[in-house]
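Here are some notes for a colleague who is coming to this structure without earlier acquaintance. They take up burial, then charged pairs, then the pocket.

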Amino acid sequence: MDVRKIVVVVEDVEIARTALQWTLQNLLRYGDIITLLHIFSITRSKSKKKLRLLRLQGFQLALSFQDICNNFFNTKTEIVVTQGDQDGGKIGAMVREIGASTLVAGLHEQSFLYRLAMSHNHIASNLNCKVLAIKQPTPLMTTGTRTKTRTICFQDSSTNMDFSQIEINALSFPVVIPPKIPYHICPDRHSIIWRSRRSMVKKKLINSE
């Protein structure tokens, strides 16, 4: 079985953590390697101290994602923290450099996937890998997990993006009220256990003493 390299985008949003958990539970196979990729913003400041601080914060964030991976037995992870744009260009370059078979990202309003789609007609072919976008459930969903392929189109543009979108929702169980059991004041006479006469006599002797 070939070892797959799965890149999970590390962002400080809850859906990114959900995407990692979904990957560990549904996508990861024995021997696969998960790369936790974090891209921190390019700064105009020439201060090396600020650059080190941004890199440190990104690494600490990636370590918190690695803690999630450590809860799963025999998970191989690596961390990549680098500086780059927030439009997906740097992520694309790193995914190709790593040779990933799958890119997993949490889909939110400010997701780089939307911005990346505006500069590339087909994101999956550009990244040379599968793209899985994990998003929170829509109000119409009630239970379970649903996977579907969607095409996002932008007005006044021929650009579109095809990707596998997976909506996550925790299973919900109805509250079951146990039926009321009627209380019998007087039990069935056949179920009464009568003490033997011998035990009754013994009890009288104890009381008399």
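1. A residue is called buried when its relative accessible area is under 20%, and exposed when that area is over 50%. With that in mind, and remembering that this is a predicted model, one can read helix H1, where Ile15, Ala16, Arg17, Thr18, Ala19, Leu20, Trp22, Thr23, Leu24 and Leu27 are buried. Because ten of the 14 residues of H1 are buried, the helix is largely enclosed by the rest of the structure.

2. The length of H1, which covers residues 14-27, is as expected: at 1.5 Å a residue it should span 20 Å, and its end C-alpha atoms lie 19 Å apart, which agrees.

3. The count of salt bridges comes to three. In one of them Arg4 pairs with Asp32, with the closest N and O atoms 2.8 Å apart; since Arg4 lies in the segment before strand E1 and Asp32 in the loop between H1 and E2, the pair ties together parts that are 28 residues apart in sequence. Both Arg4 and Asp32 are buried.

4. Asp32 also forms a salt bridge with Arg29, at 3.9 Å between the closest N and O atoms, and Arg4, Arg29 and Asp32 are thereby linked in a network. Arg29 is partly exposed, with a relative accessible area of 34%, whereas the value for Asp32 is 2%.

5. Arg17 of H1 meets Asp12 in a salt bridge of 3.1 Å, N to O, and Asp12 is exposed, with a relative accessible area of 60%.

6. The largest pocket has a volume of about 200 Å³ and is lined by 15 residues, with Val10, Glu11, His38, Ile39 and Gln86 nearest its centre. Its lining divides into six nonpolar, five polar and four charged residues.

Methods. Residues are numbered from 1 along each chain as its sequence is written. This is a predicted model: local features need pLDDT of at least 70, side-chain atom pairs count only at pLDDT 80 or more; totals for chains, interfaces and linings use all residues. Side-chain values use heavy atoms; hydrogens and water are left out. On a 1 Å grid over the protein atoms alone, a cavity is a set of points where a 1.4 Å probe fits but cannot get out, and a pocket is an open set with protein on both sides within 12 Å along at least five of seven lines; lining residues have an atom within 4 Å of a point. Grid points are joined across faces, edges and corners, and a volume is the space filled by probe spheres set on the points. Ala, Val, Leu, Ile, Met, Phe, Trp, Tyr, Cys and Pro count as nonpolar, Asp, Glu, Lys and Arg as charged, and the others, Gly among them, as polar. Helices (H or I, at least four residues) and strands (E, at least two) are DSSP runs, numbered from the N terminus. The expected span of a helix is 1.5 Å times one less than its number of residues. Buried means under 20% relative accessible area, exposed over 50%, partly exposed in between (1.4 Å probe, protein chains only). A salt bridge is a side-chain nitrogen of Lys or Arg within 4 Å of a carboxyl oxygen of Asp or Glu.
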